[in-house]
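Trainee: I have a new model to read. Can we go through it together, step by step?

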Amino acid sequence: MTRIGIITCSRYQSCGGGKCFRALRERTGGFARYAKDEPLEVAGHSSCGGCPGGNVESVPEEMKKNGAQVIHLATGLVVGYPPCPHLREFKELIEQKHGLPVVVGTHPIPLKYFTAHEHLSFWKKADMDTIAGELLREEKGMMAAHD
Ligand code: SF4
């Protein structure tokens, strides 16, 4: 059993979470790292609190108290318009302050967003391949299934 916390981008706070929870169930995207027969429990789900993401300083603590062992930063932080400029800071803060490993990504990147972003200079500048490589190397058919 692994317990996870999910932090989403506040720009999408009205999102129903369908893609994230589907990916969790099907073990795709950021959840592909977990075996299909390994139970996963969501120990916490919240947003960053709005730019510049002040909630990220405190909410992982509550998730940790509830048993979270890993924090997933939602895929919306990678493919939002623009991508979250604080991805690296969030990852470093959570890992160092709260002692929880961070995975960048929840559901697979929808193909239409991937093709819209992959050649954009600011996406390359953000070096997404380093921080969100698992999502970027997802099989294209899987991405298309999330359009
Ligand atoms: S862009 Fe980043 S800091 Fe701004 S609302 Fe989204 S996740 Fe939060």
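Mentor: Yes. Keep in mind that this is a predicted model. We start with helix H4, where Leu87, Phe90 and Ile94 are buried.

Trainee: Within what arc do the buried residues of H4 fall, seen down its axis?

Mentor: Think about helix geometry. An α-helix has 3.6 residues a turn, so residues three or four places apart point the same way. The buried residues of H4 line one face of the helix, because they fall within an arc of 65 degrees.

Trainee: Which exposed residues does the face turned away from the buried side of H4 carry?

Mentor: We have the buried side: Leu87, Phe90 and Ile94. Now turn to the face pointing away from it. There, the exposed residues are Glu92 and Gln96.

Trainee: What covers the buried residues of H4?

Mentor: Look for both helices and strands. Strands S3 and S4 are included in the cover. The helices included are H2 (59-65), H3 (76-79) and H7 (128-131).

Trainee: What is the order of the strands in the open sheet?

Mentor: Four strands make up this sheet, with parallel pairing. S2 (40-47) and S4 (102-104) each have a single partner strand, so they stand at the edges. Read across, the order is S2-S1-S3-S4.

Trainee: By how many degrees are neighbouring strands of this sheet turned against each other on average?

Mentor: Ignore strand direction here. The average turn between neighbours is 25 degrees.

Trainee: What angle does the direction of H4 make with that of S4?

Mentor: H4 covers residues 87-97 and packs on the sheet. It touches S3 and S4. Its direction makes an angle with that of S4 of about 160 degrees.

Trainee: Which residue of S4 is the bridge partner of His72?

Mentor: Follow the pairing through S3. S1 (residues 2-8) and S3 (residues 70-73) pair over four bridges, and Ile6 has His72 as its bridge partner in S3. Three bridges join S3 to S4. In S4, the partner of His72 is Val103.

Trainee: Are the residues of S3 on its two faces buried or exposed?

Mentor: Take the faces in turn. One side has Val70 and His72, and the other has Ile71 and Leu73. Both faces are covered, and all four residues named are buried.

Trainee: How many charged residues does the shell around the ligand have?

Mentor: List the shell first: among its residues are Cys9, Ser10, Arg11, Cys48 and His86. By class, six are nonpolar and five are polar. The number of charged residues is one.

Note on methods. Residues are numbered from 1 along each chain as its sequence is written. This is a predicted model: local features need pLDDT of at least 70, side-chain atom pairs count only at pLDDT 80 or more; totals for chains, interfaces and linings use all residues. Two strands pair if DSSP finds at least two bridges between them. Axes are lines fitted to C-alpha atoms, for helices over the stretch in contact, and angles run from 0 to 180 degrees between N-to-C directions. Two residues are in contact if their C-beta atoms, placed from the backbone, lie within 7 Å. A residue is near a molecule or strand if its C-beta atom, placed from the backbone, lies within 6 Å of it. Ala, Val, Leu, Ile, Met, Phe, Trp, Tyr, Cys and Pro count as nonpolar, Asp, Glu, Lys and Arg as charged, and the others, Gly among them, as polar. A residue is buried if 20 or more other C-beta atoms lie within 10 Å of its own, exposed if 12 or fewer, and partly exposed in between; C-beta atoms are placed from the backbone. The arc is that of the directions from the helix axis to the C-beta atoms.
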